[in-house]
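Work through the exercises below with the sequence and the 3D view side by side, and try each task before you read its solution.

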Amino acid sequence: MSSVGPLPNVTGDFPSTTALDAPPRGSEQPGQGGPQELAPGRYLIIDCEGGEPEVVALSAPVTHIGRARAADVHLDDHTVSARHAIIVTRPTLVRIFDEGSTNGMLVNGRRADEAQLEDGDVVVLGRVVLTYRDQSRPAAPGA
């Protein structure tokens, strides 16, 4: 049996990912060149590589996200599973669940199987960055 030798140190050789450092979309101040102002409601803002962000209203109680054409939110990216995640919307909360995807799900930079979403949370599915925006609640006074 031959010896392979020491393994190279690969931990420092990878560039940092910009997906984890992505600021929430739709958080820009009005009139400062950010995405269009959103009507009251709950939304996903899909960060398209090199394109304008796509805004998707979350109006159904259950929203399926994935690469499959049958998904409510279709993400045409090979790093996204056909059935990647499910968003469940209730009057007082919104939760996202990983649907057993291959590449998993990150919520605000942390791997998660499920999470309650709050306004501005950043979700990464494969290499697609989504920002959850909740415009259903009135802004706090003085905000």
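**Exercise 1: a salt bridge between two strands**

The side chain of aspartate 134 forms a salt bridge with that of arginine 42, at 3.7 Å from N to O; a salt bridge here is a side-chain nitrogen of Lys or Arg within 4 Å of a carboxyl oxygen of Asp or Glu. This is a predicted model, in which local features need pLDDT of at least 70 and side-chain atom pairs count only at pLDDT 80 or more, while totals for chains, interfaces and linings use all residues. Residues are numbered from 1 along each chain as its sequence is written, and side-chain values use heavy atoms, with hydrogens and water left out.

Task: Find which strands hold aspartate 134 and arginine 42, and decide whether each residue is buried or exposed.

Solution: Begin with the strands, which are DSSP runs of E with at least two residues, numbered from the N terminus. Aspartate 134 belongs to strand β11 (residues 128-134) and arginine 42 to strand β1 (residues 42-47), so the salt bridge ties together parts that lie 92 residues apart in sequence. Next, apply the accessibility classes: buried means under 20% relative accessible area, exposed over 50%, and partly exposed in between, with a 1.4 Å probe and protein chains only. Aspartate 134, at 9%, is buried, and arginine 42, at 11%, is buried.

**Exercise 2: a salt bridge between two loops**

Task: Locate arginine 127 and aspartate 77, whose side chains meet in a salt bridge, and classify their accessibility.

Solution: The N to O distance of this pair is 2.7 Å. Arginine 127 sits in the loop between β10 (122-125) and β11, whereas aspartate 77 sits in the loop between β4 and β5 (85-89), so the contact ties together parts 50 residues apart in sequence. With a relative accessible area of 44%, arginine 127 is partly exposed, while aspartate 77 is buried at 10%.

**Exercise 3: the order of a sheet**

Task: State in which order the 5 strands of the open sheet are arranged, and which strands form its edges.

Solution: The order is β4-β3-β5-β6-β9, and the pairing is mixed. The edge strands are β4 (73-74) and β9 (114-116), each of which pairs on one side only; two strands pair if DSSP finds at least two bridges between them. Strand β6 (residues 94-98) runs antiparallel to β9 and is joined to β9 by 3 bridges. Within β9, alanine 115 is the bridge partner of isoleucine 96.

Methods: Helix = DSSP H or I, 4+ residues; strand = E, 2+ residues; numbered from the N terminus.
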